[in-house]
Every structure is written in C-alpha cells, then in structure tokens.
Amino acid sequence: MIQTLAFYLFAALVIASGTFVITARNPVHSVLWLILAFFNAAGLMVLVGAEFIAMLVVIVYVGAVAVLFLFVVMMLNIDFAEMRAGFIKNFPLGIAIALVLLAELVMGIGAYRAGILELGSPDGTGATPISMSNIEAFGALFYSKYVFLFEAAGLILLVAMIGAIMLTHRRRPDGARGHQDIGKQVRRNPDEATQMKQPGVGEGVEL
Amino acid sequence: MTEFFQSFGMNYEWAWFVATISGILLIALPLMLAVAMIIYVDRKVWAAINLRRGPNVVGPWGLLQSFADGLKVFLQETIIPSAANKGIFLLAPIITFTVALAAWAVVPFDAGVVLADINVGLLYILAISSLGVYGVVMSGWASNSKYPFYSAMRAAAQMISYEVSIGFILVCVVLFAGTFNLSAIVNEQQGFGLGIINAYVVHPLLFPMWVVFFISSLAETARVPFDLTEAESELVAGYQTEYSSMSFALFWLGEYANILLMCSLNTLLFFGGWLPPLDVDWIPWFDIPGIIWFLGKTFLFFFMFSWVMATVPRYRYDQLMRLGWKVFLPMSLLFVAVISGYLMATGHFEGQA
C-alpha cells in the first residue's frame, strides 16, 4: 500500500519535473526541475531495493554535477531570443536523438518481456546471494568477475581528469601577480614587512 | 515502536506509519529546542572567552534569549525584494531547513534508538548534506543582489571542495568498521583501543583523519575560520542579506541543526557514539543511558566549535581553497591507501566475505 503510493508519487514527480525541464522558460528553473527529477529517480531506486545506487545518484548527480550545472547556468547571461532562433536549425537533430531514444526504449521493453537476464555464470559463481547487502554484492562482483572492466573504467576517468587539468592549467611566469606563496606570507614579520620613512614636505615616498 | 502501535489493534502498515510519524516528531521537536538552547550556549561561550557577560536579561541567566529572538523574528514583516525570483526565493530557506532535519533520520542516539536503521546510513548523510548547498545557491541567485550572489558562489565552491575530503575520511572509517550502518560503526568501536577504549580516534592512523574531519566539518557548516559565505566585513550578511522574518529564521535554524549534525558525526564516527569512554565494568558507566553519553559528547564538540569561533580569525578565500584541495584532499587520499594497506597487512579482513 505505502510502497504503491510512494511509487506513484515518485513516478509522477519524475515525469512532471522532466516535462518542466524542457518547458521552463528560465534555464535556472530548468536545472532546478532537473535536480528534482534526479532526486525522485533516486527515490524510485530505493523502492526497487537498489539503495546504494540511489545514494550514489544523489551524491554524484545531485550533489556535484547538478551544482556545477546550476553554477554555470546562473553565471551565463543567456539571451532567450537568440536561443529560440536556433530552434528550427536544430530541429532535425533533436528529432533524430528523440528517435534513437525511442528505439532504445522499445528495445528495452522488448528485452524485459523476453524474460529476466541471468546474472553470473552457469555454475552459480558470480551470482549474488539474496542475503548480501547492496554494497557487498557490488564489491563481490566488481572486484572479482568484472575487475578488469572496473579498473579500466577507473583508469579512463583518471586520464580524463588529468587531461582536463592539463588543458586548463596555465603556467604563470615566475613572480607574476596572482601567485601565492603561503609559506612566505606566514613567515612575514614586522621587521621585513614595514619600513620607516620620514618624507619631507612635498617630496613624497619612493616605493 | 511499530509493535507498540500494533498492540492497539492497528494493522502493520498503519502502525508503521503512525510509528514513523511519531518518531519524526520525537526527533524534530527536541532538535528544535536543542537548536534554540545551543544558540544561547554559543553566545555564552563566545562571551565568556571575550570576557563579556553574553545574553543575561531574558529569563534566568538569559536562558530564554533564543525564544525572545524567535518571537521577534516571527513578528517581523516578510519582505520579498521586488526584483527577486519569488518562488525560488521562498523555497530556498525551506530547502535548507528540511535538509538539515532530514539528515537526523539515520543518527543513532542509543543502541537501537534510530528512526531509520538503513545499511547505507553514512552515504545517506553524505547525500543529504550535499543537498544543503542548494538552499544557499538558490537564495543567492533568487535574491537578485550582488552580495548574496557572491556568497552563493563561495558557498557552492567551498562545500563541494570539503565534501571530497570528508568522503575520503568516511571511507577510512568504513574500512575499519566494514559497514556503512552508523549503529554498526559505533558497535565496532567497543573496546577498539587496546581492548578497553571505545573510540576510533585513539588509533594512530585515524587520529589525523579525525583532525582533518573536524576542520572539514567547520568548513562544511561554514563556521568561523571558514565563514566566507557570510563574511560581514565583505558581503554584508552573505546569502541571507535580503531575507527577513521567518525565512531568515529557517536559515538560522537549519544552520545550527547542521552544526549539531556535524558534532554528532564526530561523536559517532570517532568517539564511540553512545558508548562510555572505557569498556570496563568496575565503573558503573554502562548504567548511564547511552543517550546521555551521546548528547554529552556532541555537546563537547559543540563547545569546541564555539571555542574555535571565539579564537581564530577568518581565512582568506584562496587559503580556504588551498587547504581543501592541496592539503586535505591529498592527505586523506594517502590515508585511504595507507589504511587499506595496514588493514590488509594486519589481516583485518580475514573471515569477512
């Protein structure tokens, strides 16, 4: 009873907020609706018993990715007239992406109707016992059966991260403004940081 | 509590529903009272360190000061700036407040005294606390004013930065405990140090992590050395500048509820939660209810928060970012590797699945 109510609440909110993402006029409102959609999707994950993934969705997407999204959208000064002008030009591309997504949905429903997917190998190893908690089950699969794929995914992300840092890193010439040497700042004392000057009238101080 | 309501002849679902609602009220209402009193404590401690008297007029020793403040705020007019984005402007303090309360659902006050004893409790707290930034960012943007917007930018960057190192510190604790359930983490700490001390903090590898966690929790809640988001000398009152009346009060309550949450996390993860300090029977420690130990330890951490607030000056923003990304992040990352290596070498995981 409560599960059913919760399911319909979360599902309705996901669909409603998803609709508002594309219909909202203000891009900041769009991002906020998107965040609500993520959050309700996490609620649906909890209902199917995937609480670990639900928490990861909230931590990663809502807590980090969407914050940066919001950050960027808030700081951009978006010209709505210019955006609508591009609508006709981008219309075919949008239709194409929508068709691909529709095909994926149809295939997903077809695969679901064909029966459940057998996880693990035929001899029973790799399949997760029902008694295991989410996190233990993930660990048991990721660090045994799928260890190479898992490590490869981690390595790709690491390379992407280092690449992004290298692309945005600017090497400043030594002593340029903006470079902070915290150690030097902390070591400063009154003797070397201040000077006594006795300027004569109308002469000023040479710095 | 569900069984208690079932004994009145309710069926299971209704009993569960009523039990959960009353559990929420049993946590939220005392928490609001605790927040009111903790604001008073904060001001008193701050005053004592500054050699002042602090609030001492309303009620005996000024104990009712917070309630007088609350009444004043309640009677004020709610002002919404004409250029503000109205919906988001009003939603922001509600989000801050709700999120600050929601995180308390998984905090165990005593053995078994917890609203939701879920097996991803620690991740839930991390997830909910990462939502806290939205209240600040939304209020900053919706106010349509420069100072709140600067404050929102700072808050977003600061909270994301320190959440990263907090995440790694939590991983260190989870490696020792082998679980994400907060009650189980506390139970694992019983007799952890030399067989008698009930605290993770005594371990030489976890002590530096606790220090980093304590400083990060100051930064996460924007307490004093890191209160760049409401630095009054630069940003008026930060993201709260345009707020008045109840919407301001909600920010205020949410902020202190978050601070109490961080204090209780320090207690639960590193200082043995509801357990007495030593695991020995010849002192009748276990006769004292666990909730007293838990609240006492949490209060001790709150005292430390106030102490820091009264003592240290504010960080500069670039120093804050440097501390988060260049000191705490590499350090906690190193400790995750070192602690996993140590636990493997000492055979901590043998016998576990």
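This is a short tour of chain B, from one helix to its salt bridges and then to its cavities. Keep in mind that the model is predicted.

**Stop 1: helix α10**

Select residues 245-270 of chain B, which form helix α10. The helix has 26 residues. From first C-alpha to last it reaches 38 Å, close to the 38 Å expected at 1.5 Å a residue. Now colour by accessibility. Of the 26 residues in α10(B), 21 are buried, so the helix is largely enclosed by the rest of the structure. Step past the C-terminal end to Gly272(B), which follows α10(B) and has a positive phi, near 75°. Keep α10(B) displayed for the cavity stops.

**Stop 2: salt bridges**

Side chains of opposite charge can pair when their charged atoms come close. How many salt bridges does the structure hold over all chains? The count is four. Three of them are visited here.

Begin with Asp42(B) and Arg223(B). Their side chains meet in a salt bridge, 3.1 Å from N to O. Asp42(B) sits in helix α2, residues 12-49, while Arg223(B) sits in the loop between α8 (207-220) and α9 (232-235). The pair links distant parts of the chain, 181 residues apart. Are these two residues buried or exposed? Asp42(B) is buried, at 2% relative accessibility. Arg223(B) is buried too, with a relative accessible area of 5%.

Next, select Arg43(B) and Asp69(B). Their closest N and O atoms are 2.9 Å apart, and the two form a salt bridge. Arg43(B) belongs to helix α2 and Asp69(B) to helix α3, residues 65-75. The partners are 26 residues apart. Arg43(B) is partly exposed, with a relative accessible area of 33%. Asp69(B) has 15% relative accessibility and counts as buried, because the cut-off is under 20%.

Move on to Arg314(B) and Asp227(B), whose side chains meet in a salt bridge at 2.7 Å, N to O. Arg314(B) lies in the loop between α11 (290-311) and α12 (317-345), and Asp227(B) in the loop between α8 and α9, so the pair ties together parts that are 87 residues apart in sequence. Arg314(B) counts as partly exposed, at 26% relative accessibility. Asp227(B) is buried, with a relative accessible area of 10%.

**Stop 3: the largest cavity**

Two cavities of 30 Å³ or more are counted. Start with the largest, which holds about 250 Å³ of space. To centre the view, select Gly132(B), Met159(B), Glu220(B), Thr221(B) and Asn258(B), the lining residues nearest the cavity centre. The full lining has 19 residues. Which elements give two or more residues to this lining? They are α4 (86-102), α5 (121-142), α6 (146-177) and α10 of chain B. Bring back α10(B): this helix gives the most, with six residues. By type, the lining divides into nine nonpolar, seven polar and three charged residues.

**Stop 4: the second largest cavity**

The second largest cavity holds about 70 Å³ of space. Select its lining:

- Ile125(B), Leu126(B) and Ser129(B) are among the lining residues.
- Glu163(B), Ile166(B) and Leu170(B) are also included.
- Phe213(B) and Glu220(B) belong to the lining as well.
- Leu261(B), Met262(B) and Leu265(B) complete the list.

Helices α5, α6, α8 and α10 of chain B each supply at least two of these residues. The lining divides into eight nonpolar, one polar and two charged residues. Finish on Glu220(B). This residue lines the second largest cavity, and it is also one of the residues nearest the centre of the largest.

Terms used. Residues numbered from 1 in each chain as written. Chains lettered and ligands numbered in written order. Predicted model: local features only at pLDDT ≥ 70, side-chain atom pairs only at ≥ 80, totals over all residues. Heavy atoms only, no water. Helix = DSSP H or I, 4+ residues; strand = E, 2+ residues; numbered from the N terminus. Expected span 1.5 Å × (residues − 1). Buried < 20%, exposed > 50% of the residue type's maximum accessible area, 1.4 Å probe, protein only. 1 Å grid on protein atoms, 1.4 Å probe; cavity = no way out; pocket = protein on both sides within 12 Å on 5 of 7 lines; lining within 4 Å. Points joined across faces, edges and corners; volume = space filled by probe spheres on them. Nonpolar A, V, L, I, M, F, W, Y, C, P; charged D, E, K, R; others polar.
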